[in-house]
Amino acid sequence: MFNGSTYSREGPSFPAGAVYVGRFVVPISLKPKRPTGTVSVAEFGGAPTNRIVAVGTSPCDFTKKAEGSSVSVNYPLTPGTVYYLLVRNWSSDTNRPTCNSVCDIITTVSK
């Protein structure tokens, strides 16, 4: 999916301690008017939950991350590049999961 929204409920639920991985490709034909796109993540159908969110070109790389209950991350708009969205219901302060059961999310990718 590129330039739209999806919900974690559309697949398996997003349980505590799990990592949600989304994959998207910037279309090769894209002629961006600005150099970055944005990925936003927020709770869907539940209470606000702290999350760690990262976007990068490797499927398990959390080195460039943002943290909060509703998070937006910018990424470069490089046509033809595969990007991975990583989301974890986790607190880096406590080093523990921030959700007791299922903490579904909505993700939005925009250019």
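**Exercise 1. Work out how many helices and strands the protein chain has, and in what pattern they follow.**

Step 1: Count the elements. The protein chain comes to 0 helices and 10 strands. Keep in mind as you look that this is a predicted model.

Step 2: Read along the sequence. The pattern is β-β-β-β-β-β-β-β-β-β.

**Exercise 2. Describe the protein chain as a whole: what share of its residues is buried, and what supplies its exposed area?**

Step 1: Start with burial. The protein chain has 111 residues, and 37% of them count as buried.

Step 2: Turn to the surface. About 6,100 Å² is exposed, with 51% of it supplied by carbon and sulfur atoms.

Step 3: Add the contacts. Take those between residues at least 6 apart in sequence: 78% of them join residues at least 24 apart.

**Exercise 3. Sort the residues of strand β2 into a covered and an uncovered face, then find its partner.**

Step 1: Locate the strand. β2 spans residues 19–25.

Step 2: Sort the residues. Y20, G22 and F24 make up the covered face, while V19, V21, R23 and V25 belong to the uncovered one.

Step 3: Look for the partner. β2 pairs with strand β7, residues 82–88, over 7 bridges. The pairing is antiparallel.

Step 4: Check one position. V19, on the uncovered face of β2, stands opposite R88 in β7.

**Exercise 4. Find the largest pocket and say which residues line it and which strand gives the most to the lining.**

Step 1: Note the volume, which is about 200 Å³ for the largest pocket.

Step 2: List the lining. The residues are V55, G56, T57, D61, T63, K64, V73, N74, Y75, P76 and Y83.

Step 3: Assign them to elements. Two or more lining residues come from each of β4 (51–56) and β6 (71–76). Of the elements, β6 gives the most, with 4 residues.

Step 4: Sort the lining by character. There are 5 nonpolar, 4 polar and 2 charged residues.

**Exercise 5. Examine N95: where does it lie, what is the sign of its phi, and is it buried or exposed?**

Step 1: Place the residue. N95 sits in the loop that runs between β8 (90–91) and β9 (96–97).

Step 2: Look at the backbone. Although N95 is not a glycine, its phi is positive, at about 55°.

Step 3: Decide on exposure. The relative accessibility of N95 is 55%. Exposed means over 50%, so N95 counts as exposed.

How values were computed
Residues are numbered from 1 along each chain as its sequence is written. This is a predicted model: local features need pLDDT of at least 70, side-chain atom pairs count only at pLDDT 80 or more; totals for chains, interfaces and linings use all residues. Side-chain values use heavy atoms; hydrogens and water are left out. Buried means under 20% relative accessible area, exposed over 50%, partly exposed in between (1.4 Å probe, protein chains only). Contact means heavy atoms within 4.5 Å. Accessible areas come from the Shrake-Rupley method with a 1.4 Å probe; for residues, only the protein chains shown count as cover. On a 1 Å grid over the protein atoms alone, a cavity is a set of points where a 1.4 Å probe fits but cannot get out, and a pocket is an open set with protein on both sides within 12 Å along at least five of seven lines; lining residues have an atom within 4 Å of a point. Grid points are joined across faces, edges and corners, and a volume is the space filled by probe spheres set on the points. Ala, Val, Leu, Ile, Met, Phe, Trp, Tyr, Cys and Pro count as nonpolar, Asp, Glu, Lys and Arg as charged, and the others, Gly among them, as polar. Two strands pair if DSSP finds at least two bridges between them.
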